[in-house]
Amino acid sequence: MRKHAWLGAGFLAVGSLIFGGPQAAAAENVSFTLKYGILAGLTGDPAPSGQGWNESAKLAVDYLAATLKAMNLPDLKVTLADSQDSQGSPQAGVEAAQKLVQIDKVNVIIGDFYSSVTSAVATAVAIPNKVLMFTGGTSPALSKLNTGPTPFIWQPVAADDIQGRVLAQVIGDALGKNAKVNVAARNDAYGNNLSAVFKEAWTAAGGTIPKFIIYNHQQPTLDSEAQETVQGSPDGWLFVDFCQTFAKLALPLSRSGKWDSAKSFGSDTLNDCQSRGSKNYPGMRATIANASSGASFPAFKALFEQKAKKGVNFQAFLSEAFDSVFVAFLAALEAKSADPAKISEHVVAVTNDPGTTYTFQQLDQAIKAIQAGQKIHFNGATGPMNFTANGRVSALAYDIWQADADGNAKVVKTIGFKP
Amino acid sequence: MLEQFAQLTINGLITGTILALTGVGASLVFGIQRIANFAHGEYLTFAAYAGLLLNATYGQNLVVATAGAMAATAILAVAIHFGVLRPLRGRGLVATSLITVGIGLMLRDVIFMVVGPQTRQFEIDQTAVYDLTLVRISPGQAVAIAITIVVAPAVALLLARTPIGKAMRAVADNRDLAAISGIDVERIGTYVWLLAGALAGLGGTMFAVVQGTFDPNLGFQVLFLIFTTVVLGGIGSAYGALMAGIVLGLAMELSTWSGFAGGLEARFKPVLAFAVLIGLLLYRPQGLFGRARVF
C-alpha cells in the first residue's frame, strides 16, 4: 500500500512537470543566485577604459538587484563577487580570473575588454571551468574558442574581421576606392589582425598601401616610425592603436609637417581619446561597432553620469559591459538556473526575434514576461544584439566618430554593414 | 633620403644622450654599490611627475622644473639607499637586485595611485616646430638637446677632473683598493646615489618632454634600454655608458633609414639593440669600455 502511495505521488509529480500548471506559478518557484565577476585592466595602460568597464558592469548589477528587490522576488538573487584587475596582461588576467572562478565561484565573468587577456582567460580558466565570459575583446579568434557544443565566450560587439572591412568601406567613401593609404598598427594581436583584414579588403577593392608599418608601441619614442608613416605621399592614413600609445606617435607625426589628421582614420580604440585620458586630433575619424545604436543608450549614459564613480569618464563601448549583465540574467531566468551551461543555451533566445522587445528600462516587464513563459527580445544600449549560436552578434551598425577643431569627438554618422 | 637621414640622426642623438646620462648613474651604482638597480626606470617616472608638478602646477619653466626634478629624484634615491638598500647590504647581488624589482613595482603602483593612469604633458607648446631645412625639431627636443649638451660634458668632467669623480671611478674599479687608499667608500656610495638620482631625474624629465605625453609606464619602457646601455658600455664604466647610450640611440634610429638596404622595419628596432649587445658581448665580454678581469 505504501509502495502504491509513493508511485501515485511520483506519477503526480511527473504529470505536473509534463503538463504543467500555469507558467507563472511554476516560475515563482524558480530560485537561483547568479554570481558575477568583473575582469578589466584597472591599472596600467588599460585603466582609463578599465575603470569605466568596471563601473558600467557594477551599475548594471546594482540596477538588476534593485529591480528584483522592488519586484519582491527574494528567490532571485544577483551578486557581484568581485572586480579583478587584469592589468591588460594575459598572465595577470588568468591569475585574476582564477580567483573569480575558484574562490568566488562566479557564474559569469564580465570582461576582459582586451582580446589577448580574454583569449588567455577563456582557454585557461573559463572554458575548462564552464564559466560564461562576456568579453569586450574584438578579435575574431575569440568566438572560435567555442569549440564545444556549448559556447562559453560571448562577444557583444562585432569582431575585427568585420571592422577591417568597415574601415575599408568608410575610407573608400571618403578618399576614393583607389586612394593610397598608409597603415600604422601596434605590434600585438589586435594591431596585426585588424590591419591585415583592412589590407586585404582595401587592396581587393583597388586601393594601394604605400607604407604598411607595424610598430612596437612600448618603445619610449616613436620618431622613426612617424618618419616612415608619412613617406610615400599617401592620400590618407589608418592607425590601429590605443589612445595612450598613439599619442606618442601623433606628436612626431605632427612635427613632420606631412601628416594631416583630417585625412586620418582610426580603429575603434581611437574613437574618442579625450574621454580616455588622452587627446583627439582635429578631423580624425574612427569607427566603432554598434556601441550606441540602442534606444536605451541615452538612458544608460545618463545613468552612468549620475551614478558612476566621479572622475571615471563615460565611453560608448562601456554599454557592452552594461548589456552583458542583463543578457546573462535574463538567459538564466529563462533557463531557470544559474548554471553557466544552461544560461548559455538561452542567450540566443533572449536576444533575438521573435519576442516582445524590452530594454533595461523595462527590465521588470521583461522579467515578468519570462516568468509568464513569454518570449522576449532584449535590446541593449548597444543595439538589438542578435547573438548567434557561435557567440557573436549579428546586428552590425557602425558609428563613425570625428574630432572637431576643439578636440571634441562625436558620432557624425551611423552606417549599417552587410558582411 | 638625406633629409630622412638627418632627422633620424637628430632623433637618435636625442634618445642616445638621454640613455647615456641615465646609464651613467645606473652603471656607477652597479660599480660602486654592486646593485643592479631595477627600480632605476621608476626613478625616471618619479622625476617626470616631479617636473610636471613644478611646471604645470607651479608654473615654473622647463629648466627650473628639470632642476627640481633632479633634486627630488636624488633625494628619493638617497632615501631608498639609506632606508632599504644599505640595511640589506651583504645579502648578495641577486637578492639585493631582486629587492630593487620590488621597490620598482611599489614605486610604479604608488605613482599610478597618486596621479592616475591618464597621459600627461608638460606646459610647453607640443605642436610648435623649428624647421631647420634638413631637420624639424620641437621646442621640447631643442631643450633636451641644449640641456644634454651642457650636462653630458659636465658629467664627463666631474668624473675625470674632480676629486669626487675620481674617487667614484676608483671605488667602481676596485672598492677594496680604493678603501685602503684612504677613500671614504661609504661617503662615495652616498654621492653616487645622489648623482644617479639626479641624472635619472634629468633623463626622466627629458624623456617626458621628448615623448610629448607620458604616463606612469614611462620608466618601465626604457629600463631595459638603460641596462643595455650599462652592459654595452661595460658594467661600472661611466665613460662606457656615456658612449654606449649614444651608439645605441643612433643605431636604433638609423637602422630604419631607407638608404640602409631599404631600412629595418621599425618594430625590430629594440631587437637590433639587443642583437648589438649580444654580438658585442660575444667578442668583448667586458663591454665597450669595461676592463677584462682575471680571477
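This short talk goes through the nonpolar cores of the model, one tryptophan in chain A, and the build of chain B.

Please keep in mind that this is a predicted model, in which local features need pLDDT of at least 70 and side-chain atom pairs count only at pLDDT 80 or more, while totals for chains, interfaces and linings use all residues. Residues are numbered from 1 along each chain as its sequence is written, and chains are lettered from A and ligands numbered from 1 in the order in which they are written.

Let me start with the cores, a nonpolar core being a set of buried Ala, Val, Leu, Ile, Met, Phe, Trp, Tyr and Cys residues joined through C-beta atoms within 7 Å; buried requires 20 or more other C-beta atoms within 10 Å of the residue's own, exposed means 12 or fewer, and partly exposed lies in between, with C-beta atoms placed from the backbone. The largest nonpolar core has 128 residues, and the members that touch the most others are A:Tyr36, A:Ile109, A:Met133, A:Val325, A:Ala328 and A:Leu330. Helix 11 of chain A, residues 319-335, gives the most to this core, with twelve residues; helices here are DSSP runs of H or I with at least four residues, strands are runs of E with at least two, and both are numbered from the N terminus. Apart from this core lies another, of 81 residues, which includes B:Phe122 and B:Ala241.

Turning to A:Trp53, we find this residue in helix 3 of chain A, residues 47-70, and it counts as buried because it has 28 C-beta neighbours inside 10 Å. If we leave aside neighbours within four places in sequence, the contacts of A:Trp53 (C-beta atoms, placed from the backbone, within 7 Å) include A:Ala40, A:Phe113 and A:Leu318. A:Val312 is 259 residues away from A:Trp53 in sequence, yet their C-alpha atoms are 9.6 Å apart.

What, then, are the elements of chain B? There are eleven helices and two strands, and from the N terminus on, four helices come before the two strands, with the remaining helices following. Of its 295 residues, 52% count as buried, and the C-alpha trace of chain B spans about 55 × 50 × 35 Å along its principal axes.

How many residues of helix 1 of chain B are buried? The count is 25 of 32, so this helix is largely enclosed by the rest of the structure. Just after helix 1 of chain B comes B:Arg34, with a positive phi near 55°.

Note on methods: Two residues are in contact if their C-beta atoms, placed from the backbone, lie within 7 Å.
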